[in-house]
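Visitor: I should like to examine one part of this structure closely, and then to see how that part fits into the rest. Please show me the sequence and the structure before I put my question.

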Amino acid sequence: MVRFENVGLRYGLGPEILRDLSFQIPAHSFQFLTGPSGAGKTSLLRLLFLSLRPTRGLVNLFGNDVSLLGKDQVADLRKRIGIVLQDFRLLDHMTTYENVALPFRVIGREESSYRKEVIDLLKWVGLGERMDALPPILSGGEKQRAAIARAVISRPHLLLADEPTGNVDPTLGRRLLRLFIELNKSGTAVIIATHDINLMDQYEARRLVLHQGRLHIYE
Amino acid sequence: MSRADHEHGPLVDLGYERPHLPALARNLSPIVPRASISGRALVAVVAIMTYLASITTGTVLLVSASAAEWQSEVASEITIQVRPTAGRDLDRDAAAATEAIRGQPGIIEIKPFSKQESAKLLEPWLGSGLSFDELPIPRVIVARVQPGTPLDLAALRARVTQVAPTASVDDHRAWIERMRTMTGATVFAGIGILALVIIATIISVSFATRGAMAANRPIVEVLHFVGAGDRYIANRFLRHFLRLGLEGGVIGGGAAMLTFGFSESIAGWFSGTPVGDQFAALLGTFSLRPSGYLALAAQAVLIAAITALASRRTLFATLDDID
């Protein structure tokens with residue numbers, strides 16, 4: 001599904017922050033991406049999400065060489081990827097429900113075909129009472145759950161989550177992890193970038209560890 | 001392409017917890033909020049530009065229509081002027097000239113001006129208290145020409161000067177040429193002003209679009225995250241700009257139409273004054289024909305379309321920079 005070969009990344013003329021990354025993300029797989037702060041976890045997620053292009057090496061995503069993709073093709077590939085970012089990126093003028101329903105709205109689906117699904121998922125992540133609330137009045141944890149719900153609602157082929165349990169208590173953290181596991185069981189490849197050792201200890205999964213720009217894989 | 005369409009079963013099963021659907025949970029908000037686009041200033045700019053463009057177009061139409069009328073009137077007559085000179089009888093020369101052109105091919109009516117009538121033509125310049133007997137006033141003969149008949153002016157001139165050597169025959173060609181030049185210059189100036197107005201509109205709209213895109217950059221980024229293509233995003237913005245353009249166009253175009261609609265009464269206030277008379281002479285009744293109003297309406301729609309197109313161009317250029 002995803003293949004990196006000798007990938008390097010630098011910002012401008014600065015030092016290379018990711019070096020010689022070679023790995024594969026198989027379909028239906030589950031992995032944690034970890035490493036110290038500044039190791040390049042977010043940059044690697046952005047490479048996987050096509051919002052950054054590598055400075056060298058080959059990135060192949062869903063069978064496409066990303067260096068050859070045009071903007072429309074990138075948009076099409078992104079419809080197959082869900083992403084949860086640390087800063088949530090919710091739209092402040094839209095309710096929680098509308099934010100979560102956005103991926104369906106963008107592809108032009110009839111609201112009646114997904115409304116129940118969105119509401120069920122919002123209940124699941126504990127936002128059943130906050131569906132009509134606007135993001136500015138949500139707590140950090142609520143925003144995070146809304147962002148996760150938006151990323152998983154369309155059941156992407158690949159889910160990228162950057163510190164998805166950083167702002168929630170351990171109980172809710174476990175619940176969210178269960179959501180990711182359920183999603184994975186239904187066929188989504190999941191990559192969770194996290195510092196949280198407890199979270200990683202709760203589920204036996206492949207670990208990708210970034211250290212000084214290089215990737216070490218523990219199966 | 002998500003898997004939601006062809007996967008079986010719900011992503012989460014709430015079992016007995018399954019909620020009743022709340023009434024409010026619906027997509028009600030626009031993806032790009034209208035309030036995030038500072039539209040009022042843009043509507044004002046487009047309205048002013050449309051008004052200026054419409055006034056220019058309307059004036060050009062009025063001048064062209066009036067000029068065409070003068071030209072057809074003037075082109076359908078010739079004037080013979082018999083000047084007094086020592087040793088010749090002016091009345092006899094005038095009568096001879098009248099007879100010389102009577103019955104010539106293309107001449108349908110001849111109106112010789114008597115001494116009193118000729119003198120009356122000079123009254124606006126010389127006043128009415130003078131005795132015209134002592135003044136050498138030329139005699140004027142106006143002949144109407146059958147429209148569309150080619151007139152052999154040289155032959156006619158030779159015929160007239162044979163019987164009245166001091167007569168001159170004028171078909172107003174030089175005057176018509178000057179008229180044509182003036183009308184052409186007016187139309188040319190009008191097109192120039194229209195071009196400037198359109199360029200200024202495009203620049204204003206481009207600035208407004210860039211401002212709106214900058215203000216809504218977070219929305220654009222999120223739309224990219226959820227897989228929206230540039231065309232989808234641009235269309236969300238474009239509908240706002242098309243509406244703003246139409247609002248501006250309707251206000252500006254409507255105001256211009258009202259201006260022309262009321263211009264007849266405005267012209268009425270000045271009638272009898274030198275300014276009013278000059279305007280009436282130049283622009284006739286100052287009222288547009290129905291086709292003129294149609295042209296103004298089409299122009300307002302055109303400016304709205306230009307607003308949308310300029311916005312679209314800027315949107316795609318700006319979207320290339322945002323990811």
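Visitor: Which handedness does the crossing of H2(B) and H4(B) have?

Guide: The crossing of H2(B) and H4(B) is right-handed. The contact brings together B:Ala96, B:Ala97, B:Ala100 and B:Ile101 from H2(B) with B:Leu156, B:Arg159, B:Val160 and B:Val163 from H4(B). The model in view is a predicted one, and every value that follows is computed from it.

As for the geometry of this pair, helix H2 of chain B covers residues 90–101 and helix H4 of chain B covers residues 153–163. Their axes come within 8 Å and cross at roughly 150°. Angles over 145 degrees count as roughly antiparallel, and H2(B) and H4(B) are therefore roughly antiparallel to each other.

A helix pair in chain A may be set beside this one. Helix H3 of chain A (residues 96–106) packs against helix H5 of chain A (residues 140–152) at an angle of about 25°, and their axes are 7 Å apart. Because angles under 35 degrees count as roughly parallel, H3(A) and H5(A) are described as roughly parallel to each other. The crossing of H3(A) and H5(A) is right-handed. On the H3(A) side the residues that meet the partner helix are A:Thr96, A:Asn99, A:Val100, A:Leu102 and A:Pro103; on the H5(A) side they are A:Ala146, A:Ala149 and A:Arg150.

Two residues of that chain A contact, A:Val100 and A:Ala149, lead on to the nonpolar interior. The largest nonpolar core has 115 residues, and A:Val100 and A:Ala149 are listed with A:Val118, A:Leu122, A:Ile148, A:Leu159 and A:Leu160 as those with the most contacts inside it. Helix H1 of chain B (residues 39–75) gives the most to this core, with 13 residues. A second, separate core of 14 residues includes B:Ala100, together with B:Ile78, B:Ala94 and B:Ala143. B:Ala100 is also one of the H2(B) residues in the contact with H4(B). Returning to the largest core, A:Ile148 touches A:Val84, A:Val125, A:Ala161, A:Pro164 and A:Leu176, leaving aside residues up to four places away in sequence.

Beyond H5(A), the backbone of chain A deserves attention at A:Arg155, which lies in the loop between H5 and strand S7 (158–162) of chain A. Its phi is near 45°, a positive value in a residue other than glycine. A:Arg155 is buried, with 21 other C-beta atoms within 10 Å. Another such residue is A:Leu50, whose phi is near 70°, again positive in a residue other than glycine. A:Leu50 is found in the loop between helix H1 (41–48) and strand S4 (56–61) of chain A, and it counts as buried because it has 20 C-beta neighbours inside 10 Å.

In chain B, helix H3 spans residues 115–126. At 1.5 Å a residue, its 12 residues should span 16 Å, and the end C-alpha atoms are 15 Å apart, which agrees. H3(B) is hardly covered, for the count of buried residues among its 12 residues is zero. Just after H3(B), B:Gly127 takes a positive phi of about 90°.

Further along chain B, two residues have partners that are distant in sequence. B:Arg217, in helix H6 (residues 217–225) of chain B, counts as partly exposed, with 13 C-beta neighbours inside 10 Å. B:Arg217 and B:Thr318 are 101 residues apart in sequence and 9.9 Å apart in space, C-alpha to C-alpha. B:Ser265, in helix H7 (residues 230–270) of chain B, counts as exposed, with 10 C-beta neighbours inside 10 Å. B:Ser265 and B:Ser287 are 22 residues apart in sequence and 9.7 Å apart in space, again C-alpha to C-alpha.

Finally, the chains as wholes. Chain A has seven helices and 10 strands, and 46% of its 219 residues count as buried. Chain B has nine helices and four strands, arranged along the sequence in the pattern α-β-α-β-α-β-α-β-α-α-α-α-α; buried residues make up 28% of its 323 residues. Among contacts in chain A between residues at least 6 apart in sequence, 70% join residues at least 24 apart. In chain B, residues 24 or more positions apart account for 85% of the contacts with a separation of 6 or more.

Methods: Residues numbered from 1 in each chain as written. Chains lettered and ligands numbered in written order. Predicted model: local features only at pLDDT ≥ 70, side-chain atom pairs only at ≥ 80, totals over all residues. Expected span 1.5 Å × (residues − 1). Core = buried A, V, L, I, M, F, W, Y, C linked by C-beta atoms within 7 Å. Contact = placed C-beta atoms within 7 Å. Axes fitted to C-alpha atoms, helices over the stretch in contact; angles between N-to-C directions. Parallel < 35°, antiparallel > 145°, perpendicular 65-115°, else oblique. Left-handed = near helix turned anticlockwise from the far one by under 90°.
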